[in-house]
Amino acid sequence: MSNADLAEMVRPDRALTPLYTDADIFTEEMERIFKNTWVWVAHSSDIASPNSFKTSHVGLEQVIVTRDKEGKIHTLLNRCRHRAASVCEKRQGKASVFVCPYHGWSYEPNGRLRKVPHKAGYPAEFDSVEYGLVSLRTEEYNGLIFATFKQDIEPLVDYLGPARKWIDLFMKQGGGYPVKALGEHRFRFPGNWKIQLENTTDAYHFPIVHKTFLDSLDAESENVFDVLGQGGWVEDLGNGHSVMVMIPDLIDLEENLDAPIPQRFMDLAKELAEEGYPDDQVRKIVRAVGGAGFNLNLFPNVACSMAFFRVLRPIKVDETEITHVAIGMDGGPAAANRMRLRLHEHFQGPMGFGTPDDAEGWERVQRGARSGQDLWIMLNRGVDAPEGCAEPGHNAGDVSAETGMRAAYQMWKRMMTA
Amino acid sequence: MTIMMDPDIASIDVPTLAEATAFIWAEADMLDRLDYKQWLPLWTENGRYIIPTERGIDDYDDRLNIVNDNAEMRAARVKRLLSGFSMSSAPPARTVRTVSRFVQLADDGGLTLRAAQIVAEYKYERMRILAADVVYRIVREDDGLKIDRKVVTLVNCDDYQHGIGYLL
Ligand code: FES
Ligand SMILES: [Fe+2]
């Protein structure tokens, strides 16, 4: 498919259906997007100590994210340089060496080839230095670790640009403690990855798809989750990133600490007070425990979504894996982290009150998109953002505007036709 | 005047294996038929319904689970599944399940059992199999046997699932 053909498939306010269904486009996306930009691979708390690791993916490529004994982070292709066996099949753990199970080549956490058994069988000029695990460029911003195959790409901080402000705000839900990954829900849906990418900036579906979640809340919380009715907005942050603010009152979790404690957090506040936490700290923790009032969508594969990280992993043109990472307060009160876990379970995961309905909706999109390859996916929804909300100069729309999706598809077009 | 129940006397009334398995089969049948209203009163007041994301653990409250329900959450879950407004459960996948390979574990006033559960689910042209180890604690109350604990550990609980719009 030529660049001109691809360019024609994305217009400012719409995208053509084969973007969900064409296997050749998917193959091109894996090359031109996922091997060409910063892709989220781990949270720093996943590899908190020296010689710890976590396996992850950059598009279709399997990687090991490691912290070496000096504390430096590496992202290594999970493929032996001898005859290709995977060198690590654990999800997470500690290792000071990765030994390939096939012929025993061993690698250090920084990727260097340490030892080759029966080395005498190789010619004298065999140079171990040439056979380290393939190492991706890796950078971190405020706990978020990204890797890229593109060695000469701009620094991560530049790629994130104005999104950094929102990452910093998001991390305030540590309530004064560092943010820590507490566990993961993984699930797959039979649909294209961009359906999920869109969804993180889709407030429009919330009252309909998540009606049963809303019905399960107390009246006060139900008002908090009235996401269309609080003067929120969607803002294009450049490079395909966007933020959707649903609950403006919960943008900065360190503000408004004198406000009355919501009903559903009363018991927790009481418990923390009884444990001896001073009032100002109780208020800070309790305000942080429910998460932030916005979704930050980072192109192409991660979102900081209210109270968790949502990571997408393309599998096939019509299959996507989603990981919802529950997060909490590293070293914070156990009662607060327990509450965060129960809140996460309430909405997220394969049997949460929200996720299965999202997954079903996305599957229905993919099923519908089998018909009408010549029809457009419409992304033209939106009116002006409320006055004075968005950063001057940023394109923005009201909370249910499809501004964030348009931003992502313009980035898609830029990368796919570069 | 209150009569204190002697725990030794209470334990005399532990359900037998035959009673417990018949009860568990009846529960399985109820779940396949989506008879969730009848299912709720099968539980003790403090009963816990847990579907973990890790194998080989016994502390569930400080970990992330797929389900960790007390009575209130179970009732909310049933309300949601029967509401007709949840697109993943209106209708849900059809299911047919068997529970078998019972092993008696403990008798501590109730009967704790380990069993295998195989669920076949069908929706949208496709069949999926969900296999799980299940641990039940069954106790006898005045109005019959009750589930005091049910932990459904999927064989692939630490890997990806698909949306599940019914009860396991
Ligand atoms: S494939 Fe790894 S040592 Fe041979
Ligand atoms: Fe949703």
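This is a conversation between a visitor and a guide about a predicted model.

Visitor: What coordinates the iron ion (ligand 2)?

Guide: Good place to start! The donors are NE2 of A:H205, NE2 of A:H210, and OD atoms of A:D358, which is listed twice, at 2.1 to 2.5 Å. Donors have to lie within 2.8 Å of the metal, and these distances meet that limit.

Visitor: Why is the arrangement around the iron ion (ligand 2) called irregular?

Guide: Look at the angles. The four donor atoms subtend 56 to 152 degrees. A tetrahedral label would need all angles between 85 and 135 degrees, and a square planar one would need opposite donors over 155 degrees apart. The range of 56 to 152 degrees fits neither, so the arrangement is irregular.

Visitor: What spacing do the donors of the iron ion (ligand 2) follow along the chain?

Guide: The pattern is H-x4-H-x147-D. The pair A:H205 and A:D358 links distant parts of the chain, 153 residues apart. A:H205 sits in the loop between helix 6 and helix 7 of chain A, while A:D358 belongs to helix 13 of chain A.

Visitor: How do you know whether A:H205 is buried or exposed?

Guide: Buried means under 20% relative accessible area. A:H205 has 14%, so it counts as buried. A:D358 is buried as well, because its relative accessible area is 8%.

Visitor: And what makes B:E125 exposed or buried?

Guide: The cut-off for exposed is over 50%. B:E125 has a relative accessible area of 60%, so it is exposed. This residue lies in the loop between strand 4 and strand 5 of chain B, and it has a positive phi of about 70 degrees although it is not a glycine.

Visitor: Why is B:R101 called partly exposed?

Guide: Partly exposed covers the range between the 20% and 50% cut-offs. At 44%, B:R101 falls in that range, so the label fits. B:R101 is part of strand 3 of chain B, and its phi, near 55 degrees, is a positive value in a residue other than glycine.

Visitor: How many cavities of 30 Å³ or more are there?

Guide: There are two. The largest has a volume of about 170 Å³, and the second largest holds about 50 Å³ of space.

Visitor: Which residues lie nearest the centre of the largest cavity?

Guide: Of the 19 residues in its lining, those are A:E360, A:E363, B:R126, B:R128 and B:G163. Helix 13 of chain A gives the largest share of this lining, four residues. By class, the lining of the largest cavity has eight nonpolar, four polar and seven charged residues.

Visitor: What lines the second largest cavity?

Guide: Residues of chains A and B do, including A:M351, A:P356, B:R77 and B:Y166. Helix 4 of chain B gives the most to this lining, with three residues.

Visitor: How do you know which domains of chain A line the second largest pocket?

Guide: Its lining draws at least three residues from each of domain 1 (38-148) and domain 2 (162-416) of chain A. The second largest pocket has a volume of about 600 Å³, and among the residues closest to its centre are A:Q92, A:L182 and B:E54.

Visitor: Which peptide bond of chain A is cis?

Guide: The bond from A:F299 to A:P300 is cis, with omega near 5 degrees. In chain B, the bond from B:A90 to B:P91 is cis, with omega near 0 degrees.

Definitions and conventions. Residues are numbered from 1 along each chain as its sequence is written. Chains are lettered from A and ligands numbered from 1 in the order in which they are written. This is a predicted model: local features need pLDDT of at least 70, side-chain atom pairs count only at pLDDT 80 or more; totals for chains, interfaces and linings use all residues. Side-chain values use heavy atoms; hydrogens and water are left out. Donors are N, O and S atoms within 2.8 Å of the metal (3.2 Å for Na, K and Ca); water is not among the atoms, so sites may look incomplete. Four donors count as tetrahedral if all angles lie between 85 and 135 degrees; four count as square planar and six as octahedral if opposite donors are over 155 degrees apart and all others between 65 and 115; anything else is irregular. Helices (H or I, at least four residues) and strands (E, at least two) are DSSP runs, numbered from the N terminus. Buried means under 20% relative accessible area, exposed over 50%, partly exposed in between (1.4 Å probe, protein chains only). On a 1 Å grid over the protein atoms alone, a cavity is a set of points where a 1.4 Å probe fits but cannot get out, and a pocket is an open set with protein on both sides within 12 Å along at least five of seven lines; lining residues have an atom within 4 Å of a point. Grid points are joined across faces, edges and corners, and a volume is the space filled by probe spheres set on the points. Ala, Val, Leu, Ile, Met, Phe, Trp, Tyr, Cys and Pro count as nonpolar, Asp, Glu, Lys and Arg as charged, and the others, Gly among them, as polar. Domain bounds come from an automatic or database domain assignment.
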